[in-house]
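Welcome! Open your viewer, get the selection tool ready, and follow along stop by stop.

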Amino acid sequence: GDGVRLADAMERAGRDPEAIGRDDERLSRIGAFVELHVEQGRYLADTPYPVGVASAIWPHGRWRFDFPGEANHAGTTRLDDRRDPMLAYAAAVLSARELARETGALATFGKVRVEPNGTNAIASLVTAWLDSRAADSATLDTLVKAITEAAEGASEGVEVTRESYTPVVDFDVPLRDRLARVLGGVPVLPTGAGHDAGILASAVPTAMLFVRNPTGVSHSPHEHAEETDCLAGVTALADVLQDLL
C-alpha cells in the first residue's frame, strides 16, 4: 500500500527474491499433494462429519472503485450544493450486498480511503476496494458488472479498475473422489478462500481436507476446531496418504 515492492522488502530483510518461484525439479518428484486445513466457513458444523473434501476454489478478484466528489465545509455547504462521493460509495456497498445475495455469490467492500478524511469536511474522493467471489467465472463477471453499473448510476465519473483476478481452481477429480471414498463418503464442498493447494493444482494432482470449524470464523483468534475434530483430520490425512502409497 505504501509503494514498496515485495522484491525490495525481501532484499532489505536479507532474502533473495530470485530464489523463489517454480521449482520444476521438485514438482516432478511429487505424485500428489493433499492439504489439511481448518474449514473457513461452517458448512461442516451443520453435519455429523468432522472432515470434508474440497471440490474447488471459487474464482475471485479485487476491484478498485474511485468515486470523485468536491471537498467543502460540512457546516456551511447546503445539501443541494454538495458533490459528496460518500453517498455514491454507500449506494454501491448496499447494491453489492443485494446483488451478491441474488446471484448466490459474495461481494465485500472491506477497504476504503477517504480524502481529505476530515470529520467536518465533505470528501473530494472516496477510493474503495471490492472483493468478489462466485462459484463460476460467468456468475462473478455478471455480479461485478452489475455492481459497476450500480456505482455508475450513483456517481458521475466513477472509475473501476480490476487489480487482481484468479480463475476457478478445480481440484483433481479422480483424487478428490478417491479421498471421499477412502473416508467413507464424507461431504465434498467448495471453498471461497485461496490455498497453497490452489497454487500447486496447475502442476500436480491436488486435493484438500477440511476440518470442521463450529464458529465459521477465519483468520481470527476466534477461529476454532475441537480437539477431537483435529485428531479426526490428522487421521483422515494419514489414511488417504497411506492409500496413495
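Two strands count as paired if DSSP finds at least two bridges between them; helices (H or I, at least four residues) and strands (E, at least two) are DSSP runs, numbered from the N terminus. This is a predicted model, where local features need pLDDT of at least 70, side-chain atom pairs count only at pLDDT 80 or more, and totals for chains, interfaces and linings use all residues. Residues are numbered from 1 along each chain as its sequence is written, and side-chain values use heavy atoms, with hydrogens and water left out.

**Stop 1: the strands.** Select residues 60-68 (strand S3) and 125-133 (strand S7): 9 bridges join them in an antiparallel pair. Now pick Arg-64, and you will find Trp-129 of S7 opposite.

**Stop 2: the whole sheet.** Add S5 and S8 to see an open sheet of 4 strands, antiparallel and ordered S5-S7-S3-S8. Its edge strands, S5 (106-115) and S8 (159-166), each pair on one side only.

**Stop 3: a helix.** Show residues 85-103, helix H3, which packs on the sheet and touches S3, S5 and S7 (contact means heavy atoms within 4.5 Å).

**Stop 4: the lining of the largest pocket.** Which residues should you select to find its centre? Of the 22 lining residues, the closest are Gln-40, Leu-106, Thr-191, Gly-192 and Ala-193. A pocket, on a 1 Å grid over the protein atoms alone, is an open set of points where a 1.4 Å probe fits, with protein on both sides within 12 Å along at least five of seven lines; lining residues have an atom within 4 Å of a point. Finish on strand S10 (188-191), which gives the largest share of this lining, 4 residues.

Notes
Axes are lines fitted to C-alpha atoms, for helices over the stretch in contact, and angles run from 0 to 180 degrees between N-to-C directions.
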